[in-house]
Number of protein chains: 2
Amino acid sequence: MKSEEIARLAGVSRSTVSRVINNYPNVPEKTRERVMKVIREYNYEPNLSARVLAGKRTNTIGLFLYSIYDIQSPYRIYGNSYFAPLVDAFVDIGNSMGYYMLVHTVYNPDESWRIRQTFSQKRIDGGIIIGTEKSQEIESILSKISHPIVLMDCDPEEIRKIANPKARIAVINSDDEQGIHAAVDYLVELGHREIGMITGRTTTYSGLKRRESFVKRLESHGLTLDERYMLKGDFTGRSTVSEVESLIASGKLPTAMIASNDEMALAAMEAFKRHGIRVPEDISIVGYDDALASSIVKPALTTVRIPFFDMAKKALEMLEELIESDKPRFMVYNADVGLVVRESCTTINT
Amino acid sequence: MKSEEIARLAGVSRSTVSRVINNYPNVPEKTRERVMKVIREYNYEPNLSARVLAGKRTNTIGLFLYSIYDIQSPYRIYGNSYFAPLVDAFVDIGNSMGYYMLVHTVYNPDESWRIRQTFSQKRIDGGIIIGTEKSQEIESILSKISHPIVLMDCDPEEIRKIANPKARIAVINSDDEQGIHAAVDYLVELGHREIGMITGRTTTYSGLKRRESFVKRLESHGLTLDERYMLKGDFTGRSTVSEVESLIASGKLPTAMIASNDEMALAAMEAFKRHGIRVPEDISIVGYDDALASSIVKPALTTVRIPFFDMAKKALEMLEELIESDKPRFMVYNADVGLVVRESCTTINT
DNA sequence: CTGAAAGCGCTTACAG
DNA sequence: CTGAAAGCGCTTACAG
């Protein structure tokens with residue numbers, strides 16, 4: 001079934017059918033009804049490729065995930081407390097906004113040509129990119145793409161510098177400063193003076209930002225930073241365990257620790273417990289992300305909750321705006337976060 | 001950049017460029033190289049819509065998820081121990097096989113026109129449908145689609161009857177009988193004679209199959225089924241709690257229970273614990289799916305592991321076969337499952 | 001308000 | 001082995 005047959009059956013030309021399909025105003029109600037009736041009757045659906053080739057939008061959005069895990073790991077996305085809820089939210093909200101969502105994972109930075117390809121093939125109207133680490137990666141992507149793009153977890157200032165002045169870009173983050181401040185303030189309020197951190201990869205914007213915010217906030221409370229309490233994680237649980245164990249081996253522990261994400265917080269809790277160090281009695285732990293597991297585990301993890309759903313919504317709305325506008329734009333959004341207090345922290349009596 | 005320019009730059013016709021792009025044999029190596037050089041130099045990427053319109057494949061596969069949760073729930077997919085790992089695996093494997101993956105959630109069965117639309121618009125070469133419940137739903141989808149489709153968690157015999165004889169369909173399940181048998185046998189071996197079950201929605205193929213397998217296996221062990229021990233769950237944790245609480249209120253408990261998925265098993269464990277009933281000392285619990293949380297929780301949950309990755313791989317391979325063949329086909333695959341023994345069951349001394 | 005015609009960027013018989 | 005031409009199914013100025 002094609003528009004020509006619809007036209008014939010409705011006694012009009014293909015032009016008019018097209019006008020009806022695209023909801024143009026210059027069609028009398030009667031004609032429109034007649035055409036619509038035939039369309040409905042035959043369950044006619046215009047051929048996407050033909051429409052796109054003739055200049056219409058694809059109504060498809062690309063969602064690209066740079067994974068930090070091995071392809072091997074069966075848990076790479078859904079086990080990731082940052083990616084998983086985002087993907088979900090994006091697919092859901094995108095669908096409800098009428099978009100088709102093309103989801104793509106890229107493992108190797110070298111594979112970023114895939115992203116460019118998706119655009120060059122005109123598969124999508126716009127793209128969302130999550131998980132890039134090095135700005136050169138982003139730069140090489142941005143330099144070749146003139147389509148609307150939303151970047152998540154990137155330094156807005158850096159992107160602004162890198163980006164082509166006629167690009168259409170939005171950068172979306174959650175407010176890491178706010179989150180870390182809330183966590184530090186909470187611990188200080190509980191009486192903690194010796195607070196450590198398990199950092200995430202600092203090649204990541206949030207990894208770096210959380211670390212920096214932590215250091216500054218400690219300072220503003222008049223607390224001194226003990227470098228021995230700064231464990232270098234990479235956002236995975238595995239990296240955390242060995243770091244925690246050498247901390248334990250050092251014989252001296254902080255009274256509280258903030259982890260840059262929940263996976264590391266959970267791994268740290270396990271490691272401490274295994275060594276007879278009780279959470280929260282001997283050490284308080286705060287996580288980041290509010291992963292599913294965090295409320296299941298005992299003690300339930302106090303953590304910073306990121307509003308993934310709202311972020312995805314905002315991202316899609318901004319992307320839509322970029323798609324519909326043909327002027328260069330540079331938008332930035334920083335989502336509010338909040339501390340979820342559960343059971344993994346306690347007051348300290350000195 | 002379009003093929004015409006490539007042709008001009010390489011000193012050939014568009015036909016030849018097309019032949020090179022499509023890797024047709026009737027092009028001398030020298031010509032091919034010359035064309036390829038220009039293509040690479042300009043990073044040329046053929047326009048997808050034009051190719052599809054001219055009769056080529058889209059190289060895109062649709063992944064449709066019927067969600068049982070409210071749109072509201074931010075955890076709908078990634079919190080689902082069945083959907084989440086499957087989506088991951090599908091996107092990953094699909095990508096690595098060279099396909100683009102279109103992911104779509106449908107909440108309302110009425111929304112199934114979305115699936116049909118995706119096909120009619122020629123957006124995808126084939127589709128994978130997960131989570132349909134009533135066969136009439138599937139029937140209405142199948143009746144309107146002549147493209148290759150993979151169905152997961154459906155009764156093969158029923159589909160065979162429903163399906164158009166010239167359809168290209170594959171049905172993929174995990175072996176529920178095997179899984180439930182393993183669970184029952186394990187419990188019997190531990191000495192249990194009074195075994196209950198928390199069933200999933202029996203409008204679901206696996207929900208029904210697991211229940212039936214359970215009943216039969218009990219019989220074959222010479223055990224009698226106590227209807228009071230058959231709790232009617234719907235695969236969600238929430239439904240489980242009230243069922244478990246009325247079981248507890250009845251004053252009589254089985255010594256072991258098998259849940260049709262981990263979410264219910266976990267919820268049951270929580271509920272029992274809250275009422276002072278210890279797992280596994282007072283009651284043994286077996287789950288199904290092997291969700292992420294199941295190994296984190298204390299006691300760690302003994303459960304049936306479904307090989308999601310292998311299933312997705314098989315599904316995509318079969319789908320590819322269906323896409324490449326133009327003959328009607330009906331394929332069935334049943335994946336092996338295995339019991340993962342952890343800490344939630346114990347021997348019983350009578 | 002409406003139709004004929006050109007054009008979107010490919011592929012593929014067809015002819016040579 | 002290769003090019004000219006038709007065709008895929010739409011949309012959109014253009015002319016009326």
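## A tour of the protein interface and the two DNA strands

Begin by selecting chains A and B, which bury about 4,600 Å² between them, 52% of it on carbon and sulfur atoms; buried area here is the accessible area (1.4 Å probe) that two parts lose on being put together, summed over both. This is a predicted model, in which local features need pLDDT of at least 70 and side-chain atom pairs count only at pLDDT 80 or more, while totals for chains, interfaces and linings use all residues. Residues are numbered from 1 along each chain as its sequence is written, chains are lettered from A and ligands numbered from 1 in the order in which they are written, and side-chain values use heavy atoms, with hydrogens and water left out.

**The protein interface.** Now colour the 48 residues of chain B that are in contact (heavy atoms within 4.5 Å) with 48 residues of chain A. Between the two chains there are 24 residue pairs in polar contact, both residues being at pLDDT 80 or more; a polar contact is a pair of N or O atoms within 3.5 Å, where within protein one must be able to donate a hydrogen and the other to accept it, and residues adjacent in sequence count only if both atoms are side-chain atoms. On chain B, the side touching chain A draws at least two residues from each of helix H4 (48-53), helix H5 (83-96), strand E2 (100-106) and helix H6 (113-120), helices (H or I, at least four residues) and strands (E, at least two) being DSSP runs numbered from the N terminus.

Next, select strand E2 (residues 100-106) of chain A, which three bridges join to E2(B) in an antiparallel arrangement; two strands pair if DSSP finds at least two bridges between them. Within this pairing, Met101(A) has Val103(B) as its bridge partner.

**DNA strand C.** Move to DNA strand C and show the 26 residues around it, of which Ser15(A), Arg19(A), Arg14(B), Ser18(B) and Tyr24(B) come nearest; a residue is near a strand if one of its heavy atoms lies within 4 Å of it. Zoom in on Ser18(B), where a side-chain N or O atom is 2.5 Å from a phosphate oxygen of this strand, and then on Thr16(A), where a polar side-chain atom lies 2.9 Å from a phosphate oxygen of strand C.

**DNA strand D.** Finally, select DNA strand D, which 26 residues surround, the closest being Arg14(A), Ser18(A), Tyr24(A), Ser15(B) and Arg19(B). A polar side-chain atom of Tyr24(A) lies 2.4 Å from a phosphate oxygen of DNA strand D, and one of Ser13(B) lies 2.8 Å from a phosphate oxygen of that strand.
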